[in-house]
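Me: I would like to learn how to read a model like this one. Please take me through it feature by feature.

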Amino acid sequence: MNVNSQNASSTRKPKNFNNPERFIEGWYWVIPSKNLGLCEVKSVTILGRELVVYRGQDKRVVICDAYCPHMGAHLAEGNVEGNELRCLFHHWKFDAKGICVDIPCLDEPLPIKLKTWPSAEKYGMIWVWTGEFPQQPLPFVPELEHKDCDVAFGPRFVMNCHPNVVGINAIDAQHFNTVHKLLSEIIFEKQELNENAITFINTTYSDQDSFLIKLIRPFYKNPVTYSICYWYGSIGMVTLGFDLFHIHVMFAMRLLEEGKAKVQTLAMIKKRKGILGWLYNRIVLWLTKIVGNHFIKADIRIFQTIKFDLKTPIKADQSIMQFISHLEKQKPLMWKTWKLARSRDIEFTENRDKWRDALSND
Ligand code: FES
Ligand SMILES: [Fe+2]
């Protein structure tokens, strides 16, 4: 595809991509599962919204807004009773759906509801869906869909740029040679899995590869396996290897204040049976973490100082343009409020109407 012919559309500023006030409705990681014990409640801030997360007696995780609908006490100060949460202040109690089930000084509870959010656990992490009902399954690597995985947590860090910008590094074809001194040429083919997930797959078999690639070349036949599956533009699942030997690293990211990115890396592999299978997986996960760390180290200086602005796209940036256009079609929410983000004109009209209402009420 001639990227220059796309320049007209690329000069239109993207609304979702690299926007410090927006993220895509979807599943986002909260905390590692092991950090939340039975009947424990914790305070978390995810994508600007203050929440509490607790684990009931039935081991299920509940995620709800942080402040009590009675008088605003922080519910992380409260106590888990069975599968319900009791506020510390006046002891009102809310069930796992957020419904108020007890007000000690009244015979009957009031028909009020604490806002709860869909939650799930996978890959050793707790996840939250940032809308009313999950529209997608939890993020997965296409070749591991429906498979149980062993995982190992890698480093967690904050990058000084938007998760979208960190994410596109994995499809920045030029930098594999310039920064990582690896493949001299890489051409991706894109496959849209659904509205929120897109995969880029390397199709190149180059004979001008780096020393490292040449060294391992006798051991495999097909092009180097390198692919990345993006979910909501914020979670990137990289698959790397040759022929049948593949390793997988997840870069689970969330937008922080001022357009920064919180990144949790996670090595993953499909579960294997028996003690040998377990041992094999531990070794591969350890190897995967080393490879993942190697890539991060080389890129980190760039992310801490970049002011991303793709002013001059060339053909090698084609996958980045495709990533941006995929992101622009997804449902944007506002950081902190988790309300639907709309274009400035609509927001402006809405605000104006609100002001009119307020005036007429006077
Ligand atoms: S503030 Fe929670 S019960 Fe009163
Ligand atoms: Fe990189």
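**Reading the model**

Reply: Start with a single residue. Leaving out residues up to four places away in sequence, Pro134 touches Pro118 and Trp129. Keep in mind throughout that this is a predicted model.

Me: Where does Pro134 sit in the chain?

Reply: Place a residue by the elements on either side. Pro134 lies in the loop between E12 and E13. Then look across space. The C-alpha atoms of Pro134 and Trp117 are 9.6 Å apart, with their positions 17 residues apart in sequence.

Me: Is Pro134 buried, partly exposed or exposed?

Reply: Count C-beta neighbours. A residue is buried if 20 or more other C-beta atoms lie within 10 Å, and exposed if 12 or fewer do. Pro134 has 18 inside 10 Å, so it counts as partly exposed.

Me: Which class does Asn196 fall in?

Reply: Asn196 is buried, because 23 other C-beta atoms lie within 10 Å. Asn196 is also a loop residue, between strand E14 (188-194) and strand E15 (197-202). Not counting residues up to four places away in sequence, its contacts are Ile24, Gly26, Gln136, Trp231, Tyr232 and Gln330. Asn196 and Tyr230 are 34 residues apart along the chain, yet their C-alpha atoms are separated by 7.9 Å.

Me: How much can I trust, going by pLDDT?

Reply: Take the average, then look for weak stretches. The chain averages a pLDDT of 88, and 86% of the residues score at least 70. Residues 1-10 have a pLDDT below 50; beyond near neighbours in sequence, this stretch has eleven contacts in the model. Residues 345-362 are also below 50, with one contact beyond near neighbours in sequence.

Me: How many helices and strands are there in the chain?

Reply: Seven helices and 20 strands. Of the 362 residues, 32% count as buried. Contact range is another global number. Among contacts between residues at least 6 apart in sequence, 58% join residues at least 24 apart.

Me: What is the order of strands in the open sheet of seven?

Reply: Read a sheet from edge to edge. Here the order is E13-E19-E18-E17-E16-E15-E14, with antiparallel pairing. Strand E13 (149-159) and E14 are the edges; each has a single partner strand, so one side of each has no neighbour in the sheet. Next, read the twist. Neighbouring strands of this sheet are turned by 20 degrees against each other on average, direction ignored.

Me: Which helices pack on that sheet?

Reply: Check which strands each helix touches, then its direction. Helix H5 (residues 274-305) packs on the sheet and touches E13, strand E17 (235-242), E18 and E19. The direction of H5 makes about 15 degrees with that of E13. Helix H6 (residues 318-328) packs on the sheet too, touching E14, E15 and strand E16 (225-231). The direction of H6 makes about 15 degrees with that of E14.

Me: How do I read one strand pair inside the sheet?

Reply: Look at the sense, the bridges and the partners. Strand E18 (residues 245-255) and strand E19 (residues 261-270) pair in the antiparallel sense over eight bridges. Ala252 has Gln264 in E19 as its bridge partner.

Me: What is the order of the three-strand open sheet?

Reply: E2-E12-E11, with antiparallel pairing. Strand E2 (27-32) and strand E11 (119-122) are the edge strands, each pairing on one side only. Neighbouring strands here are turned by 35 degrees against each other on average, direction ignored. E2 and strand E12 (residues 125-129) pair over four bridges. Trp129 in E12 is the bridge partner of Trp27.

Me: Where can I see a hairpin?

Reply: Find two paired strands with a turn joining them. E4 and E5 form a hairpin with five residues between them. Lys59 in the turn has a positive phi of about 75 degrees. Strand E4 (residues 49-55) and strand E5 (residues 61-65) pair in the antiparallel sense over five bridges. Val53 stands opposite Ile63 in E5. E5 also pairs with strand E10 (residues 116-117), over two bridges. There, Ile63 has Trp117 as its bridge partner.

Me: Which residues have the most contacts inside the largest nonpolar core?

Reply: Ile235 and Met250, in a core of 77 residues. This core draws at least three residues from each of domain 1 (22-129) and domain 2 (142-330). Leaving aside neighbours within four places in sequence, Met250 is in contact with Tyr123, Ile235, Met237, Thr265, Leu266 and Met268.

Definitions and conventions
Residues are numbered from 1 along each chain as its sequence is written. Chains are lettered from A and ligands numbered from 1 in the order in which they are written. This is a predicted model: local features need pLDDT of at least 70, side-chain atom pairs count only at pLDDT 80 or more; totals for chains, interfaces and linings use all residues. Two strands pair if DSSP finds at least two bridges between them. Two residues are in contact if their C-beta atoms, placed from the backbone, lie within 7 Å. Axes are lines fitted to C-alpha atoms, for helices over the stretch in contact, and angles run from 0 to 180 degrees between N-to-C directions. pLDDT is the predictor's confidence in each residue, from 0 to 100. A nonpolar core is a set of buried Ala, Val, Leu, Ile, Met, Phe, Trp, Tyr and Cys residues joined through C-beta atoms within 7 Å. Domain bounds come from an automatic or database domain assignment.
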